[in-house]
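Thanks for letting me look this one over. Here are my notes, in numbered points, to read beside the model.

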Amino acid sequence: MIGVILAGGKSSRFGSDKASAILAGQPLLQWVIDAVQQVCVEVLIIAARGQSLPAVSCDVPLRVVRDRYLESGPLAGMVTAFEAAPEALCLVVSCDAPLIEPRLLRYLGEVAEGAMAVCPEAGGRAQPLVAVYRAADCLPAFREAVEGGERRVLRAMSSLGTVKLLPEDEVRRFDPGLRSFSGVNTPEELARAASLLEERAPG
């Protein structure tokens, strides 16, 4: 499985580049790399053209791929990733999810056999930005969607033949607090993530 980290968002609500925002001494991007590298053989960072990324470290091979679409959202970033790794099983996550749970990521890959995509449910809805996709199966439909002006990942997923949805109770076996889906979109959410990390630290 290859890890795909989408880092090229506009970060308009945050006010500055989220990938570089510091949480407990390291960039948000590093927190996500730390989780993804535990379950993947390679990491791809999809970055916007001209975007400056923070210095990061990774224990598996890491590539930075520039999004070939301009400001077209995560679906376009996924197309760029699938074109860069067309034969891979791709774990797709956002750079702003520092509390992502590696056990859940591993499980998504383990149950991917026979499916074009595996998508967990949390908070009453599917979570396509903590999900696994077979690049070869998804790329044609996702590329067609992007080039037709579609930006919604779930709408593009609806055209796939086999999507496995993991119900929330199953997801909670690996991430009881559903913290993998706690994205950092505002400075206030960054502060909340710091508080949650402090709560988790003793364990």
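**Notes on the model**

1. A polar atom of the T80 side chain sits 3.2 Å from the backbone nitrogen of R68. That is a polar contact, meaning a pair of N or O atoms within 3.5 Å, where within protein one must be able to donate a hydrogen and the other to accept it, and residues adjacent in sequence count only if both atoms are side-chain atoms.

2. A word on the basis of all this: the model is predicted, so local features need pLDDT of at least 70 and side-chain atom pairs count only at pLDDT 80 or more, while totals for chains, interfaces and linings use all residues. Residues are numbered from 1 along each chain as its sequence is written, and side-chain values use heavy atoms, with hydrogens and water left out.

3. Back to T80, which belongs to helix α2; helices (H or I, at least four residues) and strands (E, at least two) are DSSP runs numbered from the N terminus. Is T80 buried or exposed? With a relative accessible area of 5%, T80 is buried (buried is under 20%, exposed over 50%, partly exposed in between, with a 1.4 Å probe and protein chains only). Setting aside neighbours within four places in sequence, T80 is in contact with I46, V65, R66, D67, R68 and Y69, where contact means heavy atoms within 4.5 Å.

4. Helix α3 spans residues 102-110, and its buried residues are P102, L104, L105, Y107 and L108. What do they pack against? Their partners are two helices, α1 (28-36) and α6 (168-171), together with the strands β6 (89-94), β7 (117-122), β9 (130-134) and β10 (163-166).

5. Strand β10 also holds L165, which is partly exposed at a relative accessible area of 43%. Beyond its neighbours within four places in sequence, L165 touches C119, E121 and A126. From L165 to P128 the C-alpha distance is 10.0 Å, with their positions 37 residues apart in sequence.

6. E87 is worth a look too, in the loop between α2 (74-84) and β6. E87 is exposed, because its relative accessible area is 74%. Its C-alpha atom is 7.5 Å from that of R134, although the two are 47 residues apart along the chain.

7. Finally, please check V56, in the loop between β4 (42-47) and β5 (62-66). V56 is partly exposed, with a relative accessible area of 30%.
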